[in-house]
Amino acid sequence: MTVSQVRGAGVQGGHKERYAGTEYGGKTNFLVDKTRLDIVVVRSQVDKVIQTIASTTYTGEIGDGKIFVHPVADVIRVRTGETGAIAERMEGGMSDRTS
Amino acid sequence: MSASIQGTHLVGGISRGWTPVRPIHRHNPPFLRAGRCLSQALRCQGASTAAETIAKARVVRDGGTRDASMHHLETERFSALDRVSILSEALPYLQRFRGKTVVIKYGGAAMKDPTLKAGVVADLVLLATVGIRPVLVHGGGPEINIWLTKLGIEPNFKNGLRVTDEATMDVVEMVLGGRVNKSLVTLIQQSGGRAVGLCGKDSDIILARQMVEKEIGFVGEVTGVRSDLIKTLVADDYIPVVASVASNGAGQALNVNADTAAGEIAAALQAEKLILMTDVAGILHDRNDPSSIYRVLTLRGCAELVGQGIIAGGMIPKVDCCIRSLSQGVRATHIIDGRQKHSLLMELLTDEGVGTMITG
């Protein structure tokens, strides 16, 4: 998982997002501080990850964000040179616990 | 308070036949006793105003009439060792919130009754003394009505919102920013705290946009909070007392809802807690049964309860304010009964609390 601090905005049909007590979306303050997560998992775990993220970060207010799902061509572990499914797999992860 | 599992259970139980969660009655929870010990010096019998109460208590505390008065006070039951043990037990609770900011919206009956008022002020000073950082935000509807009547202006309401023409706005600004604000500041000073009275116009603490579409005059919707001044004061151990009068950025004062103002200030300060003092015990499943209180709710739980009509009327804006705060990063929000003695301390410093806690 990689976490980065970014700035972003959506356009909610004129409705404004609130952040730190201030309304955003005007000409002078369009971008809001956000946190971005980049997560790569094996196909079978994607739904579980989406469910976890969506349920814990849900607030119901504008600014909750979006989850984009896209395929990853390959995964390479730099330390060992492994590629593919072995490189994605984490020791002690969900697949170890359920198998 | 770590009761999120309990919260989920409540949400799950709602659509399948709700079972009331009975509050866990711990007799004399440690910090309530400690609270009474610490604030025993700040309560007396027979005072007719909050100021008198505090003035009398000062005499006792400073040792003026200690022997005679101690006889009437509650701690005669506790030995010195008891008192110190209770305080010692309370340590984990105090440590949990030390240095954290807590925004308290003060209103309702607790604001009118002198004894309750003195009690809240005493609790506030206690919190500040142990290192928890309170910020007080207040409105003051009844006081405004009194002064409008004195000046011969008719108070006017439309859909629960005060119709605020220019004359009314002047009175609102004077009463909230002057009378109510300074009386609170004075009480806190008398109790040994260091208070600073502000209104939203000071250093643009609360910025608002006039809701012209509602046609009720100078009533505003909060658009921004500049929290630098409050942060400076809180860092220097002052208790800011903020009146809910906002600025429109161009010199016009606007009347904003105090709950909303408190919520947005809490968001701007990234406060640990937002506490709304009301005249009800909390969010009740059955409005006639105070024991049917929800101790913990999640955001989704609230949305469900609103949909089912269990949260209705005047509670909806308060819950909306809590949701808005939570979604902006405030850790937890609480709705407590200001009429109950030490409700503030009990909510903060015991596991079960006395009101409803809404978490993310």
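Buried, on this tour, means under 20% relative accessible area, exposed means over 50%, and partly exposed is anything in between (1.4 Å probe, protein chains only). You're looking at a predicted model, where local features need pLDDT of at least 70 and side-chain atom pairs count only at pLDDT 80 or more, while totals for chains, interfaces and linings use all residues. Residues are numbered from 1 along each chain as its sequence is written, chains are lettered from A and ligands numbered from 1 in the order in which they are written, and side-chain values use heavy atoms, with hydrogens and water left out.

**Stop 1: Glu17 and Lys34 in chain A**

Select Glu17(A), which counts as buried at 12% relative accessibility. Now add Lys34(A): the two form a salt bridge with their closest N and O atoms 2.5 Å apart. (A salt bridge here is a side-chain nitrogen of Lys or Arg within 4 Å of a carboxyl oxygen of Asp or Glu.) Glu17(A) sits in strand β2 (residues 17–19) and Lys34(A) in strand β4 (residues 32–38), so the pair ties together parts that are 17 residues apart in sequence. Strands are DSSP runs of E, at least two residues long, and helices are runs of H or I, at least four, both numbered from the N terminus. Lys34(A) is partly exposed, at 22% relative accessible area.

**Stop 2: Tyr24 in chain A**

Next, pick Tyr24(A), in strand β3 (residues 22–24). The unreviewed UniProt entry puts the feature "modified residue: O-UMP-tyrosine" here. UniProt positions follow the numbering used here, feature names are shortened, and annotations may be inferred rather than shown by experiment. Is Tyr24(A) buried or exposed? At 19% relative accessibility, Tyr24(A) counts as buried. Leaving aside neighbours within four places in sequence, show its contacts (heavy atoms within 4.5 Å): Lys16(A), Glu17(A), Tyr19(A), Asn29(A), Leu31(A) and Val32(A). Glu17(A) from the previous stop is among them.

**Stop 3: where the chains meet**

Colour by chain and look at the interface. Here 16 residues of chain B are in contact with 12 residues of chain A. Together the chains bury about 1,100 Å², 48% of it on carbon and sulfur atoms; buried area is the accessible area (1.4 Å probe) that two parts lose on being put together, summed over both. Highlight Thr223(B), Arg300(B) and Gln328(B): they supply 38% of the area chain B buries against chain A, more than any other three residues.

How many salt bridges cross the interface of chain B and chain A? The rule finds 3. For one to display, try the side chains of Arg18(A) and Glu221(B), which meet at 3.8 Å, N to O. On the chain B side, β7 (220–225), α11 (258–269), α12 (299–308) and α13 (315–327) each supply at least two residues that touch chain A. The most come from β7(B), with 5 residues.

**Stop 4: Lys318 and Asp259 in chain B**

Stay with chain B and select Lys318(B) and Asp259(B), a salt bridge whose closest N and O atoms are 2.8 Å apart. Lys318(B) lies in helix α13 and Asp259(B) in helix α11, so this pair ties together parts that are 59 residues apart in sequence. Lys318(B) is buried at 15%, and Asp259(B) counts as buried at 7%. Then select the network that salt bridges with shared partners make of Arg18(A), Glu23(A), Arg209(B), Glu221(B), Glu264(B) and Arg324(B).

**Stop 5: helix α9 of chain B**

Lys201(B) and Glu173(B) form another salt bridge, with closest N and O atoms 2.7 Å apart. Lys201(B) is in the loop between β5 (195–199) and β6 (206–210), and Glu173(B) is in helix α9, so the pair ties together parts that are 28 residues apart in sequence. Along that helix (residues 166–190), find Glu166(B), which is exposed at 58% relative accessible area. Draw a distance from the C-alpha atom of Glu166(B) to that of Gly217(B), 51 residues apart along the chain: you should get 7.7 Å.

**Stop 6: Glu272, then zoom out**

Glu272(B) lies in the loop between α11 and β11 (273–278) and is buried, at 12% relative accessible area. Beyond residues up to four places away in sequence, Glu272(B) touches Phe97(B), Lys100(B), Thr101(B), Val330(B), Arg331(B) and Ala332(B).

Finally, show all of chain B: there are 14 helices and 14 strands, and 52% of its 360 residues count as buried.
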